[in-house]
Amino acid sequence: MDKFRMIFQFLQSNQESFMNGICGIMALASAQMYSAFDFNCPCLPRYNLAYGLGILLVPPFILFLLGFVLNNNVSMLAEEWRRPRGQRGKNPAVLRYMFCSMAQRAMIAPVVWVSVTLLDGKCITCAFCTSLPVETLGNSSHPGLSQMEMKKVLARIPCKEIYDGQDLIANEVAVRYLRCVSQALGWCFVLLMTTLAFLVRSLRPCFTQAAFLKSRYWSHYIDIERKLFDETCAEHAKSFAKVCIQQFFEGMSTDLAAARCHPPRKAPADAGDTIEKLLGITDQGTMNTALKSWHRCKPPLHLHPPALPHSNGWAGHEQSPPHHPAPRREVAAYYSHV
């Protein structure tokens, strides 16, 4: 159990590297999925385009959503976006930085899928085989074929075993043409994504260095604050459960001692230390109020706030007005009478 805890703590402390590794694994998995995928074009005019574009676009969208699902910061971003303003304001630049960081990692696997699909050429061949320039590549003056019949013949180009339009256009010529177009689009897409990644990763901090540093700092702060809050809540819950169980068994021991005339056992020596870890929150209602107050009005990011006489304002209590000292003349008159 301790080994799993150490592994979990290591992953938490190296979350960014871990997420980069996960995105890389998803990218390799997407390429392997496509290579193992059994591509079967329907070879029908009405369904070729939908099937080809569906294979090209739907799996990347699913992989993009999986990239967000596997990122632990999605819930943190949603919580920070939806929480009430309270005593701490919300910076839209920090939210944009968090979303862009997650989107960059989630885009790796979809980009790999689209690149591999375009370079392979099967989807484009299936989707746009009915749009071939027959007058350029084949025999546009083929007798006895209407426009609809010609589309039916062209739709069978990806299926060599049932293609019967060699007199209209050779199957090898059509496949080579569409695959060449698909590979050209694939390399253009790779170049575009690489250039865009270079601009985002390299040039953005150069133009807005101060805003970039502030957004990155407060993004890390929100992440660390949430982790520390969860750890504190877990420690409090453990101490609270321990005290409740000890009190239960002490009560049972007292009842048994009263029934059998046996002296009750003493409480363990560490009971006082456990109670101190509760920080005064020793009932369910107070804990619920503390959790609700943390969500609604987080404390301001100021380590030296002015001293408050009665409460710290986290539970919705009204702050009492500050005490103003008496004027100097009144103090002097008081001492003159004395």
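Visitor: What span does helix α3 reach from its first C-alpha to its last?
Guide: This is a predicted model, where local features need pLDDT of at least 70, side-chain atom pairs count only at pLDDT 80 or more, and totals for chains, interfaces and linings use all residues. Residues are numbered from 1 along each chain as its sequence is written, and side-chain values use heavy atoms, with hydrogens and water left out. Helices here are DSSP runs of H or I with at least four residues, numbered from the N terminus. Helix α3 covers residues 48-69, and its span is close to the 32 Å expected at 1.5 Å a residue (1.5 Å times one less than the number of residues): it reaches 32 Å.

Visitor: Where is the kink in α3 centred?
Guide: The bend at a residue is the angle between axes fitted to the seven residues ending there and the seven starting there. For α3 the kink comes to about 35°, and its centre is Gly54.

Visitor: Which residue in the loop between α2 and α3 is not a glycine yet has a positive phi?
Guide: Most residues other than glycine have a negative phi. The exception here sits in the loop between α2 (15-36) and α3, and its phi is about 60°. That residue is Cys43.

Visitor: Is Cys43 buried or exposed?
Guide: Buried means under 20% relative accessible area, exposed over 50%, and partly exposed in between (1.4 Å probe, protein chains only). Cys43 has a relative accessible area of 4%, so Cys43 is buried.

Visitor: How many helices are there in the protein?
Guide: There are zero strands. From the N terminus on, the elements run as α after α, and the number of helices is 14.

Notes: Helices (H or I, at least four residues) and strands (E, at least two) are DSSP runs, numbered from the N terminus.
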